[in-house]
Amino acid sequence: MLCHTALNRAAAVARHWAAAGCPVVIHLDSRVPEAERAGLAAALADLSDVRFSRRVACEWGTFSLVEATILATTQILQEFPAVDRVYLTSGSCLPLRPIAELQAYLAAYPDTDFIESVTTADVGWTVGGLNKERFTLRFPFSWRRHRRLFDGYVVLQRRLGIQRRIPEGLVPHLGSQWWCLTRKTLEAILNHPERRRHDRYFRRVWIPDESYFQSLARKVGAKVESRSLTLSKFDFQGRPHVFYDDHLHLLRRTEAFVARKIWPEAKLLYDTYLDPTTASANRPEPSPGKIDRLFAKAVERRVKGRPGLYMQSRFPTRTRGGNRSAAPYGVFSGFADLFVDFHGWLAKATEARVHGHLFAPDRAHFAASEAIFKGGLSDSANLRDYNPRSFLTNLIWNSRGERQCFQFGPNDAQDIAQFLAGDPNANILIVSGAFSIPLWRSGRPFAEIRAEAARLQKVEAEFIALLQEPETKARVRVWNLADFVEDPVEPLRQIVDELNPRAEQRQEALPQMVDLSGFAQFIQNLRNQGMQPVLMGDFPTELDMAAINTALSRPREAR
Amino acid sequence: MMPDPVGGPSALWHAYRNRLRRRQLLFRAFLRRKDLTQVTDRTAAIRDSDVLCFVCVRNEALRLPAFLAHNRRLGVRHFLFVDNASSDGTAAILADAPDISVWRTEASYKASRFGMDWLTWLMAQFGHGHWCLTLDADEILVYPYWETRPLTALTDWLEQHGRASFGALTLDMYPGGAISQGSPDLIDDPITHLRWFDSGNYQVQVQPKLRNLWIQGGARARAFFADEPRKAPTLNKTPLVRWHWRYAYVNSTHALLPPRLNEVYATDAGELTSGVLLHTKFLPEIVERSQEEKLRGEHFADGAQYAAYYDRLVDDPVLHCATSTRYTGWRQLEALGLMSRGGMDMSGGQEWG
């Protein structure tokens, strides 16, 4: 048992092993102060089968950990001739199943060495890129204390192409440092005629505690079962996950014999698993993979986050997904001006939440005219315009699981346009020039209408130009009013199919168009007044409204 | 949404300005030390690995029992209080605990940068090398797994990942009805009374100078600041920091110097671990207190601008609305995206939302 901190816990665990008839040899990091050592020794003084090995100073990543292991292992094999298996643990390991179950398990696998041992080519889990190079470069500098020297020396060796020779007959293998080996295998390794050569070689290998026994077990021809009986998980930076009290049920599900690392103050875990009254039972094989998914999810949360969420600890830069909402949504421009009750139809056809003009100058027109939308989102134009991006990303985030659609036009606050254009989740559909329809129907004085039409046309043209820039990520489709009016059926059907691909109601009739008889003349009047109506297209002078609406109301043939 | 960082001369200039600013703040704190009179000194009990909690209070007898109980449960080992002229039972509550040291002052809260000069002085003296939690008495810190993983587990985790500071969002909690309603007997756990919050109306932007986020929104912005959203209270905080005597909070605990400590958020699309400060401001007594605070004018740099805000509070408003969310625990806040586990594993397995 390799120990350096939380010695009271280590003592309790050593006592637990000893109580089950397993002798324990503890290696205590020599940097641990004398008072703590004495405390530990006193706590275990009554147990004759718990002993202490000679001490070395242990530094992570260096041979000192192997040295400590060798010292303790040699001692346990010498002083306890009855020992036929050695299980390497640490002071923060905790047996999860009664020791008797482990003993029975090992008895069922005679002569088997449980040691994870994988060739460097097949290792997928090392973090930082050093696999094979652990064995072919030299590492004289401390990674902890002299990181720059460490990294620099690695780079230098790569540049110069300097490589160490791997001793003949040794195939580098990597694996968890927590193994359970037979006396036979350990003696073969420790009494190997070339032991000094091995040690000299591994002294300059990086993290040799993950490769010394793993490689040599192969060399001495052990019967290797390549897995560790100790459950241990690593996070995205390659640091061991710590288990806390809330992991109790999770740990149980793994059926593992031993787990690492346990947080020293996880009282519930220690109390539960060191309870001497737990009866051993015939339980299933360890299956540490059962909880892998949860750990993979943790890594994903840290590295990828939840797209579309902007909060206290997630605020991506523009280039890293900072221009993205949580889910796809539809932005409709001009449709509500062109069709009677477009909202109602769209909501029914696409099963989406259809808002009005969310960015209207007076207030945010939420669906059903709500004053406060989900999540406490206010319809106040001031609050919205203070940070329109937050407003929109909040709206989409708050309604995850339900498709959102809203109307957007040249009369709305345009500050959000940049975000819309850059958001891959935006599905922007524009009937350009349709803003002129309500103006035409407004009955306001023509001079006013003309000025307003020119203003709106300018705003809409700018929006469309923005959407046509190469960096636009939104899905954009623009029809001019004239083209759309001539054949509205196909585009509308496509929209429904896209927004609600799973819809059953494909036969749903399309919405009726407002009566545009005489609209061509209105366009001509604008022209006559010196305006250049470019966004409406070449509007037909003769328009058969009845035919259009018949076509729209004709049910779609079932496919 | 956030500009990628710039380098070059302007970055150096900013760094220089920030350094200067930090020194000014430390000097102010040094001058303000004279305001403080030590009442009880139990700081000899502080051990190297202890998490410390720094608080400036005025008349918080109502909230203190729950505040102390919660933070003791989280594993705070020593509290260092500045009592700013309390006239209720505050002093008595703080007097008798072995883990509390108290300084008293009658000086102006506003002139002390809303108490921060006093706390900066105490932190420079006692906080160096410790993880320090700086809170108001109406803030209850929750973070992922707080019931089973005390602060030392959190700080171990942060250190393991090379972080020296921890961010939290202030979440305004409010009752189901008018805020004057309800009985103060419930103060054992104010959250049983203040059950509701706004889950998704927070506005986030970056302040490039100090590299901190600026988050506003929530119930107060919705109900009181719709006309002037810029004035709505700042909600981002960095309450937990592994302290160095050279550090200084700039503006409450919203931002501190040096600026790297303000980077409590991931900019690479991932998420860092963060928490929430449940804000228990809206207990019934707030109605009366607002009247007093309006007269004192000690809480805002330009108090007159906030007169309307106090008036609204005195009018006993209802913050609850049809889309308010009922608080059920940290897992809910995590699922809603108000806090994040970051890379902490998903023990317990349940997913909400």
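**Exercise 1. Find where A:Ala6 sits, and work out whether it is buried or exposed.**

Step 1: look in the loop between β1 (2-3) and α1 of chain A, and there is A:Ala6. Helices here are DSSP runs of H or I with at least four residues, strands are runs of E with at least two, and both are numbered from the N terminus.

Step 2: check the backbone. A:Ala6 isn't a glycine, yet its phi is positive, about 45°.

Step 3: count neighbours. A:Ala6 has 17 other C-beta atoms within 10 Å, so it is partly exposed (buried takes 20 or more other C-beta atoms within 10 Å, exposed 12 or fewer, partly exposed is in between, with C-beta atoms placed from the backbone).

A word on the source: this is a predicted model, where local features need pLDDT of at least 70 and side-chain atom pairs count only at pLDDT 80 or more, while totals for chains, interfaces and linings use all residues. Residues are numbered from 1 along each chain as its sequence is written, and chains are lettered from A and ligands numbered from 1 in the order in which they are written.

**Exercise 2. Work out which residues of helix α2 of chain B are buried, and what they pack against.**

Step 1: go through residues 64-74 of chain B. B:Leu64, B:Phe67, B:Leu68, B:His70, B:Asn71 and B:Leu74 come out buried.

Step 2: look down the axis. These residues span an arc of only 165°, so they are on the same side of α2(B) (the arc is that of the directions from the helix axis to the C-beta atoms).

Step 3: turn to the other side of α2(B), where B:Ala69 and B:Arg73 are exposed.

Step 4: find the partners. The buried residues pack against β2 (51-57), β3 (76-84), α3 (90-95), β6 (139-142) and α5 (151-160) of chain B. Contact takes C-beta atoms, placed from the backbone, that lie within 7 Å.

Step 5: step just past α2(B), and you meet B:Gly75 with a positive phi of about 100°.

**Exercise 3. Locate the cis peptide bonds that end at A:Lys261 and B:Pro258.**

Step 1: in chain A, the bond from A:Arg260 to A:Lys261 is cis, omega near -10°. A:Lys261 belongs to the loop between β12 (258-260) and α11 (267-273) of chain A.

Step 2: in chain B, the bond from B:Leu257 to B:Pro258 is cis too, omega near 0°. Look for B:Pro258 in the loop between β13 (255-257) and β14 (275-279) of chain B.

Key: Two residues are in contact if their C-beta atoms, placed from the backbone, lie within 7 Å.
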